[in-house]
Amino acid sequence: MKVNLYLFFRALTGLSLIGLVYLGLTFHWIKLLYRPPNVLDSQGNFLPMAPWSAPIVREGSFDPKLIDEIYKKKNITIATTVFALGKYTQFLKDFLESAEQNYFVGFRVHYYVFTDLPEKIPAVKLGEDHHLTVLKVASSNRWQEISLRRMERMEELIESRLLNEADYVFSLDVDSKFYGRWGVESLGSLVGAIHPWYYKTHKEWFPYERRPESQAYISYSEGDYYYGGAVIGGLVKNVYQLAKTCREQLDIDAANSIEAAWQEESHLNKYFLYNKPSKLLSPEYLWDDRKPKTPEIKIIRFSQVYKNYHEIRPNP
Ligand code: UD2
């Protein structure tokens, strides 16, 4: 049958076997190129859900007043971990001031700021029922190390305090600013944010860790979304499991002298591959000031601020 089909196409196109293979591959690549990425529909709008029925939160997908009323009755506490080591302390003022205007306004929030320079923590006036605790940690002369150790520190903090002190926890990058509401619509049992630079990219091109020697390895045929390491959230016990697993995988990599392409972000992506987030935040919740707003983004809520890596990081 296969031979007959081959003869049929050959007769039809007048091409040799090599020509037919070439034509087949060309069609395959055209198909891959024109398939919409899995976050947008064919009109370029955000899909309402991930293929495992997890909502993708975006403007218009919730009623802020209604959802606030629902969560008000629950009397919840949202812990928020922020790391500001070395020159990154300069981002805290804008981060906190803009958070106080936009982040869980009217709900109980407890910021836990990890820093090696407690004297550099700015005095920012916090809103009602918003609290801040400074946690001193050792300095590091490698930015990769600072980023990598966030999982371990989060694991320790959750174990020692947050299991008793909070219901939900978010870990957020400090070199960021809030520009719009970030509220209870973002809460879920496990929450990831779709990275602003990769939501229009097909998974084969995601910057996942591709070396099988790393625990963060993801093959070219796997993957759903590329999640940003700047936003991790969920119920305290679920984020604990995530942080613990990623820390363990990071330890194995360290013992094998391998560092994943994007440090803990690579391990986070591996974790989310097998433990799918129950809620996804659209890139409204993780934008980048360097990226012009696109039509499918109706509002920018939280965005990475511009930074000169050479000036602020302890090493290249
Ligand atoms: C990406 C991720 C980041 C992290 C990193 C992996 C996004 C938008 N950003 O950003 O979350 O996964 O890749 O390496 O998803 N920090 C300090 N002091 C330092 C260096 C870092 O406090 O000297 C902390 C700080 O909280 C910062 C975070 O580590 O926000 C991540 O570092 P980054 O912003 O330099 O990483 P970047 O921009 O490569």
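Which residue of β8 does G192 stand opposite? Keep G192 in view while I answer: G192 stands opposite I232 in β8. Before we go on, please remember that this is a predicted model.

Let's start with the sheet around that pair. Eight strands form it, and it is an open sheet with the order β1-β9-β7-β8-β5-β2-β3-β4 and mixed pairing. At the edges stand β1, residues 56-57, and β4, residues 130-136; each has a single partner strand, so one side of each is left without a neighbour in the sheet. There is also a helix here: α8, residues 263-274, packs on the sheet and touches β7 and β8. The direction of α8 makes about 50° with that of β8.

A quick reminder if sheets are new to you: strands of a sheet pair through backbone hydrogen bonds, either parallel or antiparallel. Strand β7 gives us one of each. With β8, residues 227-235, β7 pairs in the antiparallel sense over 4 bridges. Besides the G192 pair, you can find I194 opposite Y227 in β8. With β9, residues 279-281, β7 pairs in the parallel sense over 3 bridges. Here G192 turns up again, as its bridge partner in β9 is L280.

Now, is β7 mostly covered or not? It is mostly covered: this strand runs over residues 190-194, and 5 of its 5 residues are buried. If you look at the two faces, L190, G192 and I194 are on one side, V191 and A193 are on the other, and all of them are buried.

Let's move to a second sheet. This one is open too, with 3 strands in the order β6-β11-β10 and mixed pairing. Its edge strands are β6, at 176-178, and β10, at 287-288, and each pairs on one side only. Between β6 and β11, residues 302-304, the pairing is antiparallel, over 3 bridges. To see one of the paired positions, find K177, whose bridge partner in β11 is S303. Helix α4, residues 92-102, packs on this sheet; it touches β6 and β11, and its direction makes about 25° with that of β6.

Next comes the ligand. Which of the 25 residues around the ligand come nearest? They are F83, Y88, D175, Q263 and E264. Let me point out some individual distances. From a polar backbone atom of L85 to an oxygen atom of the ligand is 2.8 Å. R150 uses its side chain: a polar atom there lies 3.1 Å from a ligand oxygen atom. For D175, an N or O atom in the side chain is 2.5 Å from an oxygen atom of the ligand. As for coverage, the ligand has 730 Å² of accessible area on its own, and the protein covers 96% of that.

D175 leads us to my last stop, K307. You will find K307 in the loop between β11 and α9, which is 309-312. Why does K307 count as buried? Because its relative accessibility is 13%, and buried means under 20%. The K307 side chain makes a polar contact of 2.4 Å with the side chain of D175. Another polar contact, of 3.3 Å, joins the side chains of K307 and Y309. Leaving aside residues up to four places away in sequence, K307 touches Y88, F91, D175 and I312. Two of those names, Y88 and D175, were also among the residues that come nearest to the ligand.

That's my tour, so thank you for listening!

Definitions and conventions
Residues are numbered from 1 along each chain as its sequence is written. This is a predicted model: local features need pLDDT of at least 70, side-chain atom pairs count only at pLDDT 80 or more; totals for chains, interfaces and linings use all residues. Side-chain values use heavy atoms; hydrogens and water are left out. Two strands pair if DSSP finds at least two bridges between them. Contact means heavy atoms within 4.5 Å. Axes are lines fitted to C-alpha atoms, for helices over the stretch in contact, and angles run from 0 to 180 degrees between N-to-C directions. A residue is near a molecule or strand if one of its heavy atoms lies within 4 Å of it. A polar contact is a pair of N or O atoms within 3.5 Å; within protein, one must be able to donate a hydrogen and the other to accept it, and residues adjacent in sequence count only if both atoms are side-chain atoms. Accessible areas come from the Shrake-Rupley method with a 1.4 Å probe; for residues, only the protein chains shown count as cover. Buried means under 20% relative accessible area, exposed over 50%, partly exposed in between (1.4 Å probe, protein chains only).
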